[in-house]
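Me: I would like to learn how to read a protein model feature by feature, with the general idea first and the particular case after it. Could we begin with pockets?

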Amino acid sequence: MSGIYDDPWAYELACSFRDVAAEADVLLGWCAGLGARPASVLELAAGPAEHAREFARRGLAATALDLNPAMCAYAAREAGRAGLELEVVQDDMTTFDLGRRFDLVVTMLDSTSHLMTLDAFVAHLRRAAAHLAPGGLYIVEMSHPRDRLGDEPSVSTGWTVRRGGVHATVRWGEPGDRLDPVTQIADDHVTMTITDGDGTRVIRDVVPYRFWTATELDAAIRLAGGLGTVARYGDFGVGEDAVALTDPEAWRMITILRRSGPNG
């Protein structure tokens, strides 16, 4: 049985509540606020590569990297249909070596939850640092620690999306999907019901999810070396619209890292 990550079209539909263009505006706004105006960007664990495609649409030299061959094929196909120049690479975000550097690296949609161990996270950060140009920025979007550590952990989330003549309901996680207190891994049960003119189909999957705290992220950054934290936000907003990680309205943990070192 194929899962949600084996059906890129369905996965993109499930995530279509996100305003990718607006998020790209914010990402570039953060860069500008830090004195960076990237000409090249690498999206890691990109999936359908919506953000990489949006950057390509804006004229940036964009590359998308993902381990899943179905996601890579879909990203390349959709970029081609839109007339966008997008390089797509099938590789692991802990071991990749593209032989060049980028002004901006991004990992969106909590894709770092697929890094199951501290060693894997450190390896990932080292690879990201190695692919940043001097002064380059790495922006990583993760779930907010409140999701799992708050008084009312949001272990399950449901939402509805519509696109064209397609209607879908998504439930990511069930109340019984508890986090293992030792490994900090939960098996999230995912159910997506898609209805269109041809009928209804249901996708069911179990997705291992590794929860990372802010202090664990800081520890991984120190162990990896080569990167320093320059900003952290709880939502997508620039200037007076910025949301602090500690704000009650914060729903994400977004960290901006800059390449450090002699040439950083």
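Me: Which element gives the most to the lining of the largest pocket?

Reply: In this predicted model, strand β9 gives the most to that lining, with three residues. Reading a lining by element is a way to see where its residues come from, and here α3, β2 (61-66), α6 (146-149), β6 (157-163) and β9 (199-210) each supply at least two residues.

Me: How many residues line the largest pocket, and which of them lie nearest its centre?

Reply: The lining comprises 45 residues, and those nearest the centre are Y5, L109, D110, S113 and W172. The space in this pocket comes to about 1,100 Å³. Sorted by class, the lining holds 23 nonpolar, eleven polar and eleven charged residues.

Me: Where does the largest pocket lie with respect to the domains?

Reply: The way to read this is to ask which domains give residues to the lining. Domain 1 (4-145 + 212-259) and domain 2 (147-210) both do, so the largest pocket lies between them. The centres of the two domains, taken over C-alpha atoms, are separated by 22 Å, and the contact takes 22 residues from domain 1 and 22 residues from domain 2.

Me: L109 and D110 were both named as nearest the pocket centre; what is the sign of phi at L109, and what is it at D110?

Reply: The general idea is that most residues other than glycine have a negative phi. L109 has a positive phi of about 60° although it is not a glycine, and D110 likewise has a positive phi of about 60° without being a glycine. L109 is found in the loop between β4 (102-107) and α5 (118-130), and D110 is placed in the loop between β4 and α5 as well. As for accessibility, L109 counts as partly exposed because its relative accessibility is 26%, whereas D110, with a relative accessible area of 9%, is buried.

Me: L109 also appears among the contacts of R18; is R18 buried or exposed?

Reply: R18, in the loop between α1 (8-14) and α2 (20-33), has a relative accessibility of 9% and therefore counts as buried, the cut-off being under 20%. Leaving aside neighbours within four places in sequence, R18 is in contact with E23, M108, L109, E141, F236, W251 and R252.

Me: Let us turn to a helix. How many residues of α3 are buried?

Reply: A useful general point is that an α-helix has 3.6 residues a turn, so residues three or four places apart point the same way. In α3, seven of the eight residues are buried, so this helix is largely enclosed by the rest of the structure. The buried residues are E50, H51, A52, R53, E54, F55 and A56. Just after α3, G59 takes a positive phi of about 95°.

Me: What does A49 touch, and where does A49 sit?

Reply: A49 is in the loop between β1 (40-43) and α3 (50-57), and is buried, with a relative accessible area of 0%. Not counting neighbours within four places in sequence, A49 is in contact with E43, A64, A75 and L86. Sequence separation and spatial distance should be read together: A49 and Y74 are 25 residues apart along the chain, with their C-alpha atoms separated by 8.8 Å.

Me: E43 is one of those contacts; which residues does E43 itself touch?

Reply: E43, found in strand β1, counts as buried at 4% relative accessibility. Leaving out residues up to four places away in sequence, E43 touches A49, E50, H51, A52, T63, A64, L65, V106 and M108; of these, E50, H51 and A52 are among the buried residues of α3. For a pair set farther along the chain, E43 and T169 are 126 residues apart in sequence and 27 Å apart in space, C-alpha to C-alpha.

Me: Finally, how many helices and strands does the protein have?

Reply: The secondary structure comes to seven helices and eleven strands. The radius of gyration is 18 Å, close to the 18 Å that the globule rule gives for 264 residues, so the protein is as compact as a globular protein of that length. Along its principal axes the C-alpha trace spans about 60 × 45 × 40 Å, and 50% of the 264 residues count as buried. Of the contacts with a separation of 6 or more, 66% join residues 24 or more positions apart.

Definitions and conventions
Residues are numbered from 1 along each chain as its sequence is written. This is a predicted model: local features need pLDDT of at least 70, side-chain atom pairs count only at pLDDT 80 or more; totals for chains, interfaces and linings use all residues. Side-chain values use heavy atoms; hydrogens and water are left out. Helices (H or I, at least four residues) and strands (E, at least two) are DSSP runs, numbered from the N terminus. Buried means under 20% relative accessible area, exposed over 50%, partly exposed in between (1.4 Å probe, protein chains only). Contact means heavy atoms within 4.5 Å. On a 1 Å grid over the protein atoms alone, a cavity is a set of points where a 1.4 Å probe fits but cannot get out, and a pocket is an open set with protein on both sides within 12 Å along at least five of seven lines; lining residues have an atom within 4 Å of a point. Grid points are joined across faces, edges and corners, and a volume is the space filled by probe spheres set on the points. Ala, Val, Leu, Ile, Met, Phe, Trp, Tyr, Cys and Pro count as nonpolar, Asp, Glu, Lys and Arg as charged, and the others, Gly among them, as polar. Domain bounds come from an automatic or database domain assignment. The radius of gyration is taken over C-alpha atoms; the globule rule is 2.2 Å times the number of residues to the power 0.38.
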